[in-house]
Amino acid sequence: FPFPYEPYAIQERFMAALYGALEKGQVGIFESPTGTGKSLSLICGALSWLRDFEEKKKLEEARLLALEHEGQEEKKPPTSDESLRKGTLHEPGCPESKGSAGEPDWITAFVQKKEERDMVERLKEEQIRRKKREDRLEEIRHNVQLKYAAKRKRSEEEETKRLLQLSKEVLLEGGGADVLEQLDHNEEELILDEYESDEEKKVVSGLEEDDDMEEEHVTKIYYCSRTHSQLSQFVHEVQKSPFGKDTRLVSLGSRQNLCVNEDVRRLGALQLINDRCMEMQKNKHEKKSDGEEMEGKRRRVSRTVCPFYSYEQMQFLRDEVLVEVKDIEQLVALGKETKACPYYGSRYAIPAAQLVVLPYQMLLHEATRSAAGINLKDQVVIIDEAHNLIDTITCIHSAEVSGAQLCCAHSQLLQYMERYRKRLKAKNLMYIKQILYLLQQFVSVLGGKKMFYPGANFLFSTPSFSGTVLKSINDFLFQSQIDNINLFKVVQRYCEKSLISRKLFGFVERYGASTVVKTNKERLAGLQDFLLSLQQGSDKVGDLPVEAESDQLRSASPLMQIEGFLWALTNANQDGRVILNKQGTVGQSSLKFLLLNPAVHFAKVVKECRAVIIAGGTMQPVSDFREQLLSCAGVDPARIVEFSCGHVIPPENILPVILCSGPSSQQLEFTYQTRDLPQMMDETGRILCNVCNVVPGGVVCFFPSYEYERQVYARWEHTGLLARLAAKKKIFQEPKKANQVEQVLVEYAKCIKRCSHVGGQMTGALLFSVVGGKMSEGINFSDDLGRCVIMVGMPYPNVKAPELQEKMTWLDKTMPRAAGQAPSRVLIENLCMKAVNQSIGRAIRHQQDFASILLLDHRYARPAIFNKLPQWIKERTQVKAAFGSAFAELRKVRACLLSYV
């Protein structure tokens, strides 16, 4: 395999296994620890397969075209005798020969010949398109004058637009009230704008009619990861790889990351950016009404359109993206330079791209996939950092709405309907009334009562009881008395096509209790008046301040959130549950849909794709992926392949120890009943004191929860043990706020570096972290930042949580027992060990790194738990019944460290 340097043996095995899985069209679960060059192995293995696949495809196409050409040259009209001998003509009186399907041979031969001709025609068309694309990209790559010409043309267009804008401003100043009145009318038409049919909606989709845009998707690899930084890092690895010059790569992202229109970007919230972008597109493609066509002499002011949404410039950006590998930052810079929208320009590049890099939320959600123009048919998908894939799919397809959102959406939609009742068509009015009924019934389920007066609002009354109730989808529909409404029609046929939630947001933003408001400040003030007017007549409406509702409306349209909940209710009854969370008032209560079977959505990805690779640094335990995801998705067990490679570090560079008892022979068992005992907390403190005495640099200690960390910290502070720890290591605590994490890590690193240079009694720093917190994933405690990682107890999830209990019940009903264990018990253990594996994997980050890992609980030695550790850690783990022998091993590591330094 091509590689930028001499690969490790495990990297060669990884790439060979990956190549084989892609060649055979398998679903693979691949594990490669951090520091083993996983990204480069994925790149070189996958792109090597894609290169060979394209070569084989070209050779096969050439062979078929050659055969067809030879057949045309040798072809001559057969005589009647020859036709009879070959069976192509039927002589009267002779029985026709029949094929295997019961059809005459001449019909079968005709159909076969037609299929061959059609295939050859498709191959010829594909060759023409490929040649055209390659010639265009080669011209852009080498023709610098073409770029200068395009840049000069953009400058001329900008100057033209500037002059046009000046003329419009002059027109506005001279037009007086007549022009302003027409502007207001145009904006109101945009808010109303009833939908008609699918054909008319194509105008708003933003896709121009062009042959280039109808290009078929070439075979490609979709690479997904979790965060924007991980995707950028992957693209940089592609640039450094042997495939960096020849690969057509495109990076996809959200409008928040890719928008280059500063007026839109400054809106901040993703939903507001999406709404504004869609509105500007609609302005660009809006058809003039018959009345407007008749008013040829009347002056009108055009609606705001995005200057970056230029089809010609987006074509140029598309070609520039395909010519050279670019990450998202480079794509945004190119968009600003070319005055083209990177969000849509990158989407136009998808069909011709060989490698598409995107966040996996975009790929795993079918509606988002479709909107982005992603076609998975016979393609390859690689999902990296997939250790939490099941949770991600569950979260993407779950939805929650609060009582305040339901009440707010009902009030808004009611006002919208009353204002435009006479102008709405009967079908649209029917759908709006159905949505109002749905909202009313949802509030009633939460304990709300309807007040009947003009501009009615819901009373924020106290529910009959507070607590959480779980119901099946059908039971919830029956209880809400909405089982007679076709939710598919409401959501799919009306909400999606009419964009009612976006129009409703624009309506509320524009109108308050008074008439038209011109500025954002006036709009907000009008909205507050609007909400206050809805609340008049009730003394109990007060649990949700107007400011809170205003902030909520400013961040997103409540109806949009509710549409997601309605979509969730269309799942099969057995695949999900509805959680009624009743609190002090209706406004504080909520409805939540919980997806129990993520495989039902992942199945569409697996069935369409040629091959799917689920990869990660720590994938153990993998039984969840096999049973909950792949088996339930209908994947044949023979199609599933697993690969796990070891680490590149020498065996002596890591010391994993399961410690069963402490210095005073106190057995370590941090169960919910025993972990709060003073003697257990004191024993943990003594272990840390001994460790900090012999381990230089940084020590990271993970606790099961923030609350338990607080209890232990308070106990050690009271007993004076904390002062003893602080004499050897400066103590840091993981903050609960995400914006403070970076600062704590910087101070932690500075302290360790300072201690290593200055020397003295203090030898480094001690960091208290929480499993599942801000520092248990995605943080590198390499080298001196993490010479020892300590796991206090086993971080089992709260089995009394209603959502987890429902998941456990569902698994016990649907999954077979494995090795005598109930599926619910396996789930709890897997959730615990996944969190442990992610936390302890923070230490070893490269080939020269070394560290010790202490697991403080004797239960880690149980076979069912021990076997769920990563292979590269499990094969080197030592079980120590007494603290003395474990401490001796730690001293050996310290001696090795000093000799290394």
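**Exercise 1. Determine whether Ser665 is buried or exposed, and describe its backbone.**

Step 1. The relative accessible area of Ser665 is 62%. Buried means under 20% relative accessible area, exposed over 50%, and partly exposed in between, with a 1.4 Å probe and protein chains only. Ser665 is therefore exposed.

Step 2. Ser665 belongs to the loop between β14 (654-659) and α28. Helices (H or I, at least four residues) and strands (E, at least two) are DSSP runs, numbered from the N terminus.

Step 3. Ser665 is a residue other than glycine, and its phi is positive, near 65°. Most residues other than glycine have a negative phi.

The structure is a predicted model, in which local features need pLDDT of at least 70 and side-chain atom pairs count only at pLDDT 80 or more, while totals for chains, interfaces and linings use all residues. Residues are numbered from 1 along each chain as its sequence is written, and side-chain values use heavy atoms, with hydrogens and water left out.

**Exercise 2. State where Gln481 and Pro621 lie, and what marks the backbone at each.**

Step 1. Gln481 is placed in the loop between α20 (473-480) and α21 (487-498). Although Gln481 is not a glycine, its phi is positive, about 60°.

Step 2. Pro621 is found in the loop between β12 (611-616) and α27 (623-631). The peptide bond that joins Gln620 and Pro621 is cis, with an omega of about -10°. Most peptide bonds are trans.

**Exercise 3. Analyse helix α29: its span, its buried side and its surroundings.**

Step 1. The expected span of a helix is 1.5 Å times one less than its number of residues. For the 14 residues of α29 this gives 20 Å, and the end C-alpha atoms are 20 Å apart, which agrees.

Step 2. The buried residues of α29 are Tyr708, Glu709, Val712 and Trp716. They cover an arc of only 100° around the axis, so they lie on the same side of α29. The arc is that of the directions from the helix axis to the C-beta atoms.

Step 3. Glu717 and His718 are exposed on the other side of α29.

Step 4. The cover of the buried residues of α29 includes α28 (678-694), β15 (697-703) and α30 (721-728), and also β16 (729-733), β17 (764-770) and β18 (788-792). Contact here means heavy atoms within 4.5 Å.

Step 5. After α29 comes Gly720, with a positive phi near 85°.

**Exercise 4. Explain how Glu707 and Arg710 are placed to pair, and compare this with Lys56 and Glu23.**

Step 1. A salt bridge is a side-chain nitrogen of Lys or Arg within 4 Å of a carboxyl oxygen of Asp or Glu. The whole structure holds 20 salt bridges.

Step 2. In the salt bridge of Glu707 with Arg710, the closest N and O atoms are 2.6 Å apart. The two residues are three apart in helix α29 (residues 706-719), a separation of about one helical turn. An α-helix has 3.6 residues a turn, so residues three or four places apart point the same way. Glu707 is partly exposed at 40%, and Arg710 is partly exposed at 46%.

Step 3. Lys56 and Glu23 also form a salt bridge, at 3.4 Å from N to O. Lys56 lies in helix α2 (residues 38-74) and Glu23 in helix α1 (residues 9-24), so the pair ties together parts that are 33 residues apart in sequence.

**Exercise 5. Classify the ring pair of Phe30 and Phe643, and find what surrounds Tyr708.**

Step 1. Rings of Phe, Tyr and Trp (its six-membered ring) pair if their centres lie within 6.5 Å; planes under 30 degrees apart count as stacked, over 60 as edge-to-face and the rest as tilted. A search of the whole structure finds 23 aromatic pairs.

Step 2. The ring centres of Phe30 and Phe643 are 5.6 Å apart and the planes are at 35°, so this pair is tilted. Phe30 is in strand β1 (residues 27-31) and Phe643 in strand β13 (residues 640-644), 613 residues apart. Both Phe30 and Phe643 are buried.

Step 3. Tyr708 forms one aromatic cluster with Phe703, Tyr713, Trp716 and Phe768. Arg675 lies over the face of Tyr708, 5.0 Å from the ring centre. A charge sits over a ring if NZ of Lys or CZ of Arg is within 6 Å of the ring centre and within 35 degrees of the ring normal.
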